[in-house]
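Q: Could we go through this model together? I would like to start with the overall picture and then turn to individual residues.

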Amino acid sequence: MGVQHVLAMFGSTVIAALFFSGIGTIIFYIATGGRVPSYVGSSFGFIGVVVSATGYEYTPSSGRNPNADVAVGGILICGVVYGCIGLIVLFAGSGWIEYVMPPVVTGTVVMTIGIHLSSSAFASATQTSFDGWMAFTTVMLIALVSIYAPGMLKRIPILIGMVIGYLINFGVGWSGQGPAIDYTDVYNAQWFAAPTFVKPKFESQAISIIVPVCVVLLAENLGHIKAVGAMAEKPLDKYLGRAIVGDAIATIVSSAGGGPGTTTYSENIGVMAVTQIFSTLIFLIAAIIAIFLGFIQKFGAAINTIPSGVFGGLSIILFGLIAVSGARIWVENQVNFKDSRNMLVAGIPIIIGASMQTTLKWGNFQLDGIGLPTYAAILLYQLLRGWDSIGSIYRRLRKQDNTKMNSEESAE
């Protein structure tokens, strides 16, 4: 699923994404000691922020993102920040995550990202009236497949919707009733060649826009660990820190070579649920296949021909799912919206993210409609804890101090 979305970030470097997804999966396997079954691939959570940071707009003829170096520089720093979070979890546990980013905050951040990116998805889907109809067709295909398709087909609705939408667009263009797809780059591409690598370039604006995505990656990893552990009836929470570190290193290595940011793929959870096979060796085989595909240049050139209407429909689905995933975090954790604090913590950042289409600047520091709501949600929650919450924290710290003093006295 992630391959077609990497196109929005890096154009012709989609092959590098395949290559680094294989490398990243091997890194993740080593970091977790082969204990966590997962495939690490390109995260669509980066798509919108990269578009925002680089000003790149995808069309079938747009080619490589000319500012891809700026994008991968921001992703690399995001990977470093994410890795620091992983190290803290590894040595201090995950309890502090609940303190700094409780469900009301993480749900708000995830929803804000989806809502903020909706404008770029709509723009891609409506470049022409024909694109608008193809986007609508693609959205309906994905929705219908996800509900009515039999067996395993229901697990890959985005891929099926993209393929059918592409074929419809091809047929309309071939019959002369719409724009034809240009296959010149596919004919000219070599069959086998090394992936195209890009050297990272670091700019403060891109970094400030992209780094908040680490919150999304953290939420994805938390959910992945809990879901796989529940299915396998084997608790994996103790591997959370190692999983985050592995994912972070994979992101750093990928972006250092011009690839996208990575994440653990939730799609594989569906496959494991159906097959009830949780062997981590299967993912090593998948990684080797991905690395091999990374050298097939014609495959990358073919991916680059996805029509903008089809791609816009895919973006609407994906960004919509991101937004609803934020609400899902609230529901699953029973966030109480009768509490005015939670209403404010969620409502203010979401409105900022939905309406903010500019960048706020303070010297070299810049925030966009994703970064500002992220920091606002975290800050608001801490400021609005209330006297009862502050008192409970104080009592907890006093209890820890008393316990420590008693243990020292017993030792004497």
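The exchange below moves from the whole chain to its cavity and then to single residues.

Q: Before anything else, how confident is the predictor in the protein chain?
A: This is a predicted model. The protein chain averages a pLDDT of 77, and 79% of the residues reach at least 70.

Q: Where is confidence lowest, and where is it highest?
A: Helix α1, residues 2-10, is at the bottom with a mean of 34, and helix α12, residues 240-256, is at the top with 91. Residues 1-13 have a pLDDT below 50, and in the model this stretch has 61 contacts beyond near neighbours in sequence.

Q: How many helices and strands are there?
A: The protein chain has 19 helices and four strands.

Q: And what share of the residues counts as buried?
A: Of the 412 residues in the protein chain, 50% count as buried. The accessible surface amounts to about 19200 Å², and carbon and sulfur atoms hold 66% of that surface.

Q: What part of the contacts comes from residues 24 or more positions apart?
A: Such pairs make up 82% of the contacts in the protein chain that have a separation of 6 or more.

Q: Changing topic: how many cavities of 30 Å³ or more does a search of the whole structure find?
A: The search finds one. Its volume is about 30 Å³.

Q: Which residues line the largest cavity?
A: The lining consists of Thr-25, Phe-28, Tyr-29, Val-36, Pro-37, Ser-38, Thr-280, Phe-283 and Leu-284. Six of these residues are nonpolar, three are polar and none is charged.

Q: Which helices supply at least two residues of that lining?
A: Those are α2 (14-31) and α14 (281-293). Helix α2 gives the most, with three residues.

Q: Staying with α2, what does Ile-26 touch?
A: Ile-26 lies in helix α2. Leaving out residues up to four places away in sequence, Ile-26 touches Leu-284, Ala-287 and Ile-291. Leu-284 also belongs to the lining of the largest cavity.

Q: How far apart are Ile-26 and Ile-288 in space?
A: Their C-alpha atoms are 8.7 Å apart, although 262 residues separate the two in sequence.

Q: Why does Ile-26 count as partly exposed?
A: Ile-26 has a relative accessible area of 28%, and the class covers values between 20% and 50%, so this residue is partly exposed.

Q: Now α14: is Ala-290 buried or exposed?
A: Ala-290, which lies in helix α14, is buried because its relative accessibility is 5%, and the cut-off for buried is under 20%.

Q: What is Ala-290 in contact with?
A: Neighbours within four places in sequence aside, Ala-290 is in contact with Leu-18, Phe-19, Ser-21, Gly-22 and Tyr-39. The C-alpha atoms of Ala-290 and Ile-23 are separated by 8.6 Å, with their positions 267 residues apart along the chain.

Q: Which residues does Val-253 contact?
A: Val-253, in helix α12, is in contact with Phe-20, Ile-23 and Ile-27 once neighbours within four places in sequence are left aside. Val-253 and Ile-23 are 8.5 Å apart from C-alpha to C-alpha, and 230 residues apart in sequence. At 33% relative accessibility, Val-253 counts as partly exposed.

Q: And Ser-254, buried or exposed?
A: Ser-254, also found in helix α12, has 1% relative accessibility and therefore counts as buried. Its contacts, apart from neighbours within four places in sequence, are Phe-20, Gly-259, Pro-260 and Thr-262. Phe-20 is in contact with Val-253 as well.

Q: Moving further along, where is Thr-374?
A: Thr-374 is in helix α18, residues 371-383. It is buried, with a relative accessible area of 3%. Not counting residues up to four places away in sequence, Thr-374 touches Val-109, Pro-212 and Val-215.

Q: Last topic, backbone angles: what is phi of Gln-334?
A: Phi of Gln-334 is near 55°, a positive value in a residue other than glycine. Most residues other than glycine have a negative phi.

Q: Where is Gln-334, and is this residue buried or exposed?
A: Gln-334 sits in the loop between α16 (308-332) and α17 (340-355). Gln-334 is exposed, because its relative accessible area is 70% and the class begins over 50%.

Conventions
Residues numbered from 1 in each chain as written. Predicted model: local features only at pLDDT ≥ 70, side-chain atom pairs only at ≥ 80, totals over all residues. Heavy atoms only, no water. 1 Å grid on protein atoms, 1.4 Å probe; cavity = no way out; pocket = protein on both sides within 12 Å on 5 of 7 lines; lining within 4 Å. Points joined across faces, edges and corners; volume = space filled by probe spheres on them. Nonpolar A, V, L, I, M, F, W, Y, C, P; charged D, E, K, R; others polar. pLDDT = per-residue confidence, 0-100. Contact = heavy atoms within 4.5 Å. Buried < 20%, exposed > 50% of the residue type's maximum accessible area, 1.4 Å probe, protein only. Areas by Shrake-Rupley, 256 points an atom, 1.4 Å probe, with all protein chains shown as cover.
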